[in-house]
Structures are given as structure tokens and as C-alpha cells.
Amino acid sequence: MALFLLYESASGYALFEAHGLDEIGHNTEAVRNSVSDLNRFGKVVKLRSFNPFTSALDALKQCNAVSEGILTDELRTVLETNLPKVKEGKKAKFSLGVSDPKIGSQISEVTKIPCQSNDFVNELLRGVRLHFDRFVGDLKPGDLEKAQLGLGHSYSRAKVKFNVNRVDNMVIQAIFLLDTLDKDINSFSMRVREWYSWHFPELVKIVNDNYLYAKVAKYIQDKAKLSEDNIPALTDIVGDEDKAKEIVEAAKASMGRFLHMCI
């Protein structure tokens, strides 16, 4: 039974015909040993057709489809045009070797072309991949490498939604988040100062730090209940005994409203 090989390169679809396998053997190990020798491998595997992609976008489309096991119209046309016809009701006298069983199953289902994917076929395709630029004479030196590099980048971006500036974006977003937090904290602090100043306006001039002001306001609550007994606790908060005494003295003479009026 004749064996054909489908190779999906970055430049296009290539079909190869494997014949005279007796020269290298029908087992995987024999093929593996002969792959490095182009003269020997080239006598067994011959290029049947090469169908280049029309553009980089078309290459990405075909690569995505093959990786997902989808048979595109372009690939179907390549297979039906270059492979022997499979007569309805009769068993095919050839098979198509593919690297991915998923795309092989799809090809068999749609076109009735029998496919196989095994270690033997993979070793043959490895040889094709190794010597591909020698099989296709139309490719200039470096063309295949450029196509592989471009397709690899495009395929990776499509798969992982790659953003070349994602590291910068993370730093920018972190800085923006810090700025937002600072603005929110300042806004809330000003609101606390504004509201509590209705009850104890003198405290703003004594305690300048927003954080300490909020802690002192939470501790004092009703300034009418503040006394000399509260000086030690206030000292622990503001870190200064003189300032704690100043707060107590200011509370006694405060011009602010009663707490229940502010509420």
C-alpha cells in the first residue's frame, strides 16, 4: 500500500510520497537511523506537491485550524487535487501519514482518505522537517526560518493573548492604583476632619497628621467627657505628653457644638 505524508510547514502544505521503504526498512528504528543521511532518505521520500500560503495571515489561519483538528477548505483542496481518488465503495490503495491524530480523523471523516499517525510516520515526518528546505527548491536561504519565526510569534500571541507591553502595563496599573488609594485616603481624611471639626474645631490645629487625627477623634468621641485621666491614653496615641495635655485643655474651652447636635 502506498504511503503519502502530509507536512504542514510555516510556508505552506507539502505532500510527500514514501516509496521504496525496503531500502531503509519498515520499522521505526530503521527510519530513525536513516533520517540524518539525505542521500539515503531522499531516495525513499519524494516531494509530490508544495502549496505555499498566500500570506502570513493565511498561514496563521491554517496553523490554528490544524492545531485544533479542523480541516480547512484549502487543505481539503490540496489533498483531493494531489492524492489518488478514492472510489466510493472501494478500499483505498494508499494511506496518508499525519503528525496529529485529530486532523487525521477529520480528514478521514470528510474526504474518506485513510490516515495513520504512529511512530513510524512521525519518524518519516521528522526526516522531512530536517531536510525540508532541500526538498523545496523554490525556497531561498533564510525564507523558511523567517516564516517559522513570524508564524511562531503570531501563533503564540493568538494562543495566550500576548501583549508585548504587559509588563509595563502592570507597573502603570500598580502606580495608578497607588495614586487612587492616596486620593481616596486624603478624601476620607478631609471628610473626617470636616465633620469632626463641627464638634471639636481646635483639634485640627493641634494634630496635623491625618492618621493620628482619625485615631484621636475615634478615642475622644465626645469632648465633654475628656479629662486629665485621659492624658496617658492620648499620649500613647500622639506620642507627646505636652500635646496630649493641650488637647485636654482645648476640649475644655472648645467652641464646637455638642456631639448630639453634630449627629
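These exercises work through the helices, salt bridges and surface of one predicted model.

Residue numbers start from 1 along each chain as its sequence is written. Because the model is predicted, local features need pLDDT of at least 70, side-chain atom pairs count only at pLDDT 80 or more, and totals for chains, interfaces and linings use all residues, while side-chain values use heavy atoms, with hydrogens and water left out.

**Exercise 1. The chain as a whole**

Task: State how many helices and strands the chain has, and what share of its residues is buried.

Solution.
- Step 1. Assign the elements. Helices (H or I, at least four residues) and strands (E, at least two) are DSSP runs, numbered from the N terminus. The chain has 14 helices and five strands.
- Step 2. Classify the residues. Buried means under 20% relative accessible area, exposed over 50%, and partly exposed in between (1.4 Å probe, protein chains only). Of the 263 residues, 35% are buried.
- Step 3. Take the contacts (heavy atoms within 4.5 Å). Among those with a separation of 6 or more, 63% join residues 24 or more positions apart.
- Step 4. Add the surface. Accessible areas come from the Shrake-Rupley method with a 1.4 Å probe; for residues, only the protein chains shown count as cover. The chain's accessible surface is about 16400 Å², and 54% of that belongs to carbon and sulfur atoms.

**Exercise 2. The two sides of helix 4**

Task: Find which residues of helix 4 are buried, and what covers them.

Solution.
- Step 1. Helix 4 spans residues 73-82, and its buried residues include Leu75, Val78, Leu79 and Asn82.
- Step 2. Look down the axis. The buried residues fall within an arc of 90°, so they line one face of helix 4. The arc is that of the directions from the helix axis to the C-beta atoms.
- Step 3. Recall the geometry. An α-helix has 3.6 residues a turn, so residues three or four places apart point the same way.
- Step 4. Turn to the other side. Asp73 and Thr81 are exposed there.
- Step 5. Identify the cover. It includes strand 1 (2-8), strand 2 (12-18), strand 3 (45-52), helix 3 (56-67), strand 4 (94-97) and helix 5 (101-111).

**Exercise 3. Salt bridges of helix 4**

Task: Name the salt-bridge partners of Lys61 and Arg76.

Solution.
- Step 1. Fix the criterion: a side-chain nitrogen of Lys or Arg within 4 Å of a carboxyl oxygen of Asp or Glu. The whole structure holds seven such salt bridges.
- Step 2. Lys61 pairs with Glu74, with the closest N and O atoms 3.6 Å apart. The pair links distant parts of the chain: Lys61 is in helix 3 and Glu74 in helix 4, 13 residues apart.
- Step 3. Check exposure. Lys61 is partly exposed at 46%, and Glu74 is partly exposed at 34%.
- Step 4. Arg76 meets Glu80 at 3.0 Å, N to O. These two are four residues apart in helix 4, so about one helical turn separates them.

**Exercise 4. Helix 12 and its surroundings**

Task: Describe the buried side of helix 12, then locate the partner of Glu228.

Solution.
- Step 1. Ile231, Leu234, Ile237 and Val238 are buried in helix 12. Their arc is only 120° around the axis, which puts them on the same side of helix 12.
- Step 2. The buried residues pack against helix 11 and helix 13. The face turned away carries the exposed residues Pro232 and Asp236.
- Step 3. Gly239 follows helix 12, with a positive phi near 75°.
- Step 4. Glu228 forms a salt bridge with Lys252, the closest N and O atoms being 2.9 Å apart. Glu228 lies in the loop between helix 11 and helix 12 and Lys252 in helix 13 (residues 241-252), so the pair ties together parts 24 residues apart in sequence.
- Step 5. Extend the pair. Glu228, Glu249 and Lys252 are linked in a network of salt bridges.
- Step 6. Asp229 is in the loop between helix 11 (210-220) and helix 12 (231-238). Asp229 is exposed, with a relative accessible area of 68%.

**Exercise 5. Cysteines**

Task: Count the disulfides.

Solution.
- Step 1. Apply the cut-off: a pair of cysteine sulfur atoms within 2.5 Å. The count is zero.
- Step 2. Check exposure. Cys63 is partly exposed at 23% relative accessible area, and Cys115 is partly exposed at 24%.
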